[in-house]
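Work through the following exercises with the sequence and the model side by side. Each task sentence is followed by a solution that proceeds in steps.

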Amino acid sequence: MQAPRVAFHTFGCKLNQYETEALASAFRSNGFHVVEEREDADVHVINTCTVTSRADHKARTLIRAVAQRRPDEPVIVTGCSAQTEAEALAALADNVVVVPQSEKARLLAAPAVLARALEAGESGVGALRTAVAAEVGRTGQADPFALVAGEYSFHTRAFLKIQDGCDCRCAYCRVPLARGDSVSLGLDEVLRRAVELEARGSREIVLTGVNVSAWKATGAGSGGGAGLSELLGRLLGATARVRFRITSLEPEAIDAELVAAVSHPRVCPHFHIPVQSGSDDVLLRMRRRYRVQKVRDDVRELRAARGDPFVAADILVGFPGETAEDHARTLDLVRELELAAVHVFPFSPRPGTAAAEMRPFVPERVRGERAREVAALGAGLGAAYGRRWTGRQVDVLLEAGASRRRKAGAAAVSSAETARGVSENYLKVEVHGIPADAAVPGRIARTEITAAGTVCSGNFIRFQA
């Protein structure tokens, strides 16, 4: 019998991507073949995001299309939209089975049930509904840290979820409604999982969560509520060569201790900061816990510690009441900080948030114009950052998909290969001249940036031990 097939569709953040990896790992271990998301499959899993109305709309459109194309096969819908819009999503089609974000870990039991049902020729939809009803009906809250990827289907870098939820109540954000209050994975368990990932050959571990900066040690022997800076020190002491990357840092959490912790050479000089606005007035209405000068100070201190790190920022434009002057201050701040990347989002009112009731609304057309203006500025600054690294050496974690290069005009394949990867400072690098017999994915190569563009280029120098 042919192995049953499962396809995954993921919206949103790195945390959602990691949780998809954990679900994919569970399906693999139960005999499923993971296929590309556009392929036909016996089961589809759609992991949703509710950060913006656009994310919600895209998820609903996909759910409806997949369910109609495969009406006799289960479509599992989970994630943050499944938490906040469960009834509406379940009503999209008869074969849609919704599992809220708070119960996502219960899905780890689904692959075994589905595999048995499909092998017996039973209805996968019926078997899944029975399994989900039994799992969700269990007493006690599902463990948000039970989702662990035994192997990776979509990423070369290993992810380590250390935190979930958020205690902040920013006026525009719906995530706390979907994921609840902040919770942290215990210190000993974080260390155990990191050591295990290194032992399995991982060369980079991405520390991820909704608000990684909020990680706190809890329980007996927790070190008196140690925070992220202490955790980094313990992780570095427990491992030997793996490098660590942090998905994001909240401005108010960046202090002297954290700057000292991230100055270690095995912490990637890549810092993503949710800045949101360059106007103190807007930050105040957003209920953010810092002001613009704190962002300036943070970036200056990070640069002093790490030379020329990759500094990225989230920018939210068109927040209710944002004036042309507020927007100009945001552009000035983005320019002043010389950001390497800008993730810009036009404001969209999210149900259940304070900002949904705030006035005056910035017209949608103006929000779009401001978003395009910030994005264009960010693109130019990103290109400038890449050019600054031309002629410098970086350590690139090579990813799957190496391909042999053909000599110009020759039919034969040369002995050299090219692969793409990510440097420690988050440059996307294409590395040429790799030995054809090298096992590329997951290895780190030292290379020199020879050209800067959308993708930097580098000539292979050597693999690191």
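**Exercise 1: strands around E19**

Val-431 stands opposite Gly-458 in E19. The model is a predicted one, in which local features need pLDDT of at least 70 and side-chain atom pairs count only at pLDDT 80 or more, while totals for chains, interfaces and linings use all residues. Residues are numbered from 1 along each chain as its sequence is written, and side-chain values use heavy atoms, with hydrogens and water left out.

Task: trace the pairing from strand E17 through E19 and on to E18.

Solution. Begin with strand E17 (residues 428-435), which pairs with E19 in the parallel sense over 4 bridges; strands here are DSSP runs of E with at least two residues, helices are runs of H or I with at least four, both numbered from the N terminus, and two strands count as paired if DSSP finds at least two bridges between them. Next, strand E19 (residues 456-463) pairs with E18 in the antiparallel sense over 6 bridges, and a hairpin of 4 residues makes the connection from E18 to E19. Within this pairing, Ala-451 has Ser-457 as its bridge partner in E19, and Ala-445 faces Phe-463 of E19. Finally, E18 (residues 444-451) also pairs with strand E14 (residues 393-398), in the antiparallel sense over 5 bridges, and there Ala-445 is the bridge partner of Val-396. Ala-445 thus appears opposite Phe-463 and also opposite Val-396.

**Exercise 2: two open sheets**

Task: for the sheet E6-E9-E10, state which strands stand at the edges and why one side of each is left without a neighbour.

Solution. First, the order E6-E9-E10 describes an open sheet of 3 strands with parallel pairing. Strand E6 (158-161) and strand E10 (243-246) each have a single partner strand, so one side of each has no neighbour in the sheet. The twist averages 30° from one strand to the next, where axes are lines fitted to C-alpha atoms and angles run from 0 to 180 degrees between N-to-C directions. As a detail of the pairing, strand E9 (residues 204-208) and E10 share 4 bridges in the parallel sense, with Ile-205 opposite Phe-244.

Task: carry out the corresponding analysis for E11-E12-E13.

Solution. This is an open sheet of 3 strands, again with parallel pairing. Strand E11 (270-276) and strand E13 (341-346) are the edge strands, each pairing on one side only. Neighbouring strands of the sheet are turned by 15° against each other on average, direction ignored. E11 pairs with strand E12 (residues 310-317) in the parallel sense over 5 bridges, and Gln-276 has Ile-315 as its bridge partner in E12.

**Exercise 3: backbone exceptions**

Task: say where Gln-276 is placed and what its phi is.

Solution. As background, most residues other than glycine have a negative phi, and most peptide bonds are trans. Gln-276, although not a glycine, has a positive phi of about 75°, and its place is in strand E11. A further exception is the cis peptide bond that joins Arg-359 and Pro-360, with omega about 5°; Pro-360 is placed in the loop between E13 and helix H14 (364-388).

**Exercise 4: charges**

Task: find which parts of the chain the pair Glu-19 and Lys-104 links.

Solution. The structure holds 32 salt bridges, each defined as a side-chain nitrogen of Lys or Arg within 4 Å of a carboxyl oxygen of Asp or Glu. One of them joins the side chains of Glu-19 and Lys-104, at 2.7 Å from N to O. This pair links distant parts of the chain, 85 residues apart: Glu-19 lies in helix H1 (residues 14-29), and Lys-104 lies in the loop between strand E5 (96-98) and helix H5 (110-119).
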